[in-house]
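Please open the model in a viewer and keep the sequence panel beside it. The tour below proceeds by selection, with a short account of what each selection shows.

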2 protein chains.
Amino acid sequence: MNTIAEENYLKAIYHLTYELETTDFVGTNNIANYLSVKPATATDMLKKLKEKSLINYEKYGKSSLTNEGKKLALEIIRKHRLWETFLCEKLGFNWEEVHEIAEQLEHIKSNKLIDRLDKFLNYPKTDPHGELIPNAEGYIDYQSKISVADMKLGFIYKITAVKEDSYEFLKLINNMGLNINKQIELKEVNIYDNSLQIKINNQSINISSHIAHKILIEQI
Amino acid sequence: MNTIAEENYLKAIYHLTYELETTDFVGTNNIANYLSVKPATATDMLKKLKEKSLINYEKYGKSSLTNEGKKLALEIIRKHRLWETFLCEKLGFNWEEVHEIAEQLEHIKSNKLIDRLDKFLNYPKTDPHGELIPNAEGYIDYQSKISVADMKLGFIYKITAVKEDSYEFLKLINNMGLNINKQIELKEVNIYDNSLQIKINNQSINISSHIAHKILIEQI
DNA sequence: TAATAAAGTTAGACTAATCTAACAAATAAT
DNA sequence: ATTATTTGTTAGATTAGTCTAACTTTATTA
């Protein structure tokens, strides 16, 4: 079993490598800065995590997660995002308020608890910020995150979900014929305003960039 | 803000004084034993809690909670019992499984969280074990816990709740005419088996001690 | 009431996580 | 390529919570 501090370092390394940086390795100062501790403190913890085979670390070198470390980091991120979803959907918090509380809840130790929570929330794929939630095996379904704005020419997609569920938004996309499971294809990007020409229902329609980002799709 | 260890000591002293013992003071060994730590460890913490004005403690003497300490202890107990209720009612845990998880959840810091949870659970008065849940001000409504078995001669009560909700149990008490809001009065205790003669609906009926403990009442 | 037992405290040590200050290595810049 | 800057490490100290071992106080009992 790992301490809360250890879990926070693993999570930090995960975010820095896979979400904020382009490289697969992160520096000690980087980690220290992210966690608001001094570099000396981070050095000590990196040694400890290397000892536990959770990270790759060499003196004066950059660090990276081992497979085991990555798996643990994803477990914590899963917990964090499921709790955030719970706080917003069930307890009515705004998504700006939930982060701090989820930072505490993510360290509760009980696999059964988190699996039951997942079920209670109906196995959500994304949290209230739109971030993907890893499943119990630590697998992230990146497919489920691409939106109409990410479509590439020459591929066919289908609409799977929307990111906003206000009545007004749903009415609009319904009027445009953009329904779940409909097939959709990119024809052209209008340089002028980044709006898209889309083929749907055998006709070409124009979708604003704003709307395009809110409609999730999957390649078929 | 207090540490998790401090909170656990306050809770331990509360339980030992108000729920397990008859006196208002508890010994150091008693506390240490309850928390599975050595007496020396407890001594150190007792000094610290005295310093923070959360307990009354004198060298070689017994300890007790100050008003502030008691208030904090009740806050933690409130959180513990609300989380237990959540785990059982919303996530489908059995009541034997929830204690360990609630021991962790009770230390999450956020008043807003616990008040929202309380609302989400519809302001429950007791947890799944039948223990009373203190309200946000630390007040425990002991009235709501007395059962038919606690009735005194010469007072009039009304039925407010039941502690078991199996179909069979509800059918039985319905057949006996014991419904919510009905007025009820004690006539006699049968020494033979501790069963009670009760006046209800203008007739005298016999209720076994077992059933009597499961029907909650309130004096009117 | 004096001896014994039980309860409680003190002193010194350990671990985890943090810090500051001094130092060392790696990278960038002239 | 030598210097300057940035990055990272080491050593020693601190705080919280715990331990063991030795000691003191209070309570019990013969």
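Two strands are said to pair if DSSP finds at least two bridges between them. With that in mind, select Glu188(A): its bridge partner in E5(A) is Gln197(A). The model is a predicted one, and every stop on this tour should be read accordingly.

**Stop 1: the sheet of chain A**

Extend the selection to strand E4 (residues 183–190) and strand E5 (residues 195–200) of chain A, which pair in the antiparallel sense over five bridges. Now show the whole sheet around them. It is open and consists of five strands in the order E6-E5-E4-E3-E7 (chain A), with antiparallel pairing. At its edges are strand E6 (203–207) and strand E7 (215–219) of chain A, each of which pairs on one side only. From one strand to the next, the twist averages 45°.

**Stop 2: chain A as a whole**

Display chain A in full. Eight helices and seven strands are found in chain A. Along the principal axes, the C-alpha atoms of chain A fill a box of roughly 60 × 40 × 30 Å. Of its 220 residues, 28% count as buried. Among contacts in chain A between residues at least 6 apart in sequence, 54% join residues at least 24 apart.

**Stop 3: helix H7 of chain A**

Select helix H7 (residues 167–175) of chain A. How many of the nine residues of this helix are buried? The number is zero, so helix H7 of chain A lies largely in the open. Continue along the chain to Gly177(A), which follows H7(A) and has a positive phi, near 85°.

**Stop 4: the sheet of chain B**

Move to chain B and select strand E3 (residues 156–162) together with E7(B). These strands run antiparallel and are joined by five bridges. Within this pair, Tyr157(B) stands opposite Gln219(B) in E7(B). Display the rest of the sheet: five strands in the order E6-E5-E4-E3-E7 (chain B) make an open sheet with antiparallel pairing. Strand E6 (203–207) and strand E7 (215–219) of chain B each have a single partner strand, so one side of each is left without a neighbour in the sheet. The twist averages 45° from one strand to the next.

**Stop 5: where the chains meet**

Show both chains. In this contact, 13 residues of chain B touch 13 residues of chain A. On the chain B side, helix H5 (98–105) and helix H6 (111–120) of chain B each give two or more residues. The largest share, four residues, comes from H6(B). By class, this side of chain B has seven nonpolar, three polar and three charged residues.

**Stop 6: the largest nonpolar core**

Select Leu87(A) and Leu87(B). Of the 24 residues in the largest nonpolar core, these two touch the most other members. The elements giving two or more residues to this core are helix H4 (67–89), helix H5 (98–105) and helix H6 (111–120) of chain A, together with helix H4 (67–89), H5 and H6 of chain B. In soluble globular proteins, nonpolar side chains tend to be buried together. Zoom in on Leu87(A): not counting residues up to four places away in sequence, Leu87(A) touches Phe93(A), Val98(A), Ile101(A) and Ala102(A).

Is His99(A) buried or exposed? The residue is placed in helix H5 of chain A. His99(A) counts as exposed because 12 C-beta neighbours lie inside 10 Å, and a residue is exposed if 12 or fewer lie within that distance. For a distance check, use Thr3(A): C-alpha to C-alpha, it is 20 Å from His99(A), and the two are 96 residues apart in sequence.

**Stop 7: DNA strand C**

Select DNA strand C and the 21 residues around it, of which Thr3(A), Ala40(A), Gly27(B), Asn29(B) and Ala40(B) come nearest. Helix H1 (4–20) and helix H3 (39–51) of chain A, with helix H2 (28–35) and helix H3 (39–51) of chain B, each supply at least two residues of this surface. H3(A) provides the largest share, five residues. Eight residues of the surface are nonpolar, seven polar and six charged.

**Stop 8: DNA strand D**

Finally, select DNA strand D. It is surrounded by 21 residues, and the closest are Gly27(A), Asn29(A), Ala40(A), Thr3(B) and Ala40(B). Two or more residues come from each of helix H2 (28–35) and H3 of chain A and helix H1 (4–20) and H3 of chain B. Here the largest share, five residues, comes from H3(B).

Notes
Residues are numbered from 1 along each chain as its sequence is written. Chains are lettered from A and ligands numbered from 1 in the order in which they are written. This is a predicted model: local features need pLDDT of at least 70, side-chain atom pairs count only at pLDDT 80 or more; totals for chains, interfaces and linings use all residues. A residue is near a molecule or strand if its C-beta atom, placed from the backbone, lies within 6 Å of it. Ala, Val, Leu, Ile, Met, Phe, Trp, Tyr, Cys and Pro count as nonpolar, Asp, Glu, Lys and Arg as charged, and the others, Gly among them, as polar. Two residues are in contact if their C-beta atoms, placed from the backbone, lie within 7 Å. A residue is buried if 20 or more other C-beta atoms lie within 10 Å of its own, exposed if 12 or fewer, and partly exposed in between; C-beta atoms are placed from the backbone. Axes are lines fitted to C-alpha atoms, for helices over the stretch in contact, and angles run from 0 to 180 degrees between N-to-C directions. A nonpolar core is a set of buried Ala, Val, Leu, Ile, Met, Phe, Trp, Tyr and Cys residues joined through C-beta atoms within 7 Å.
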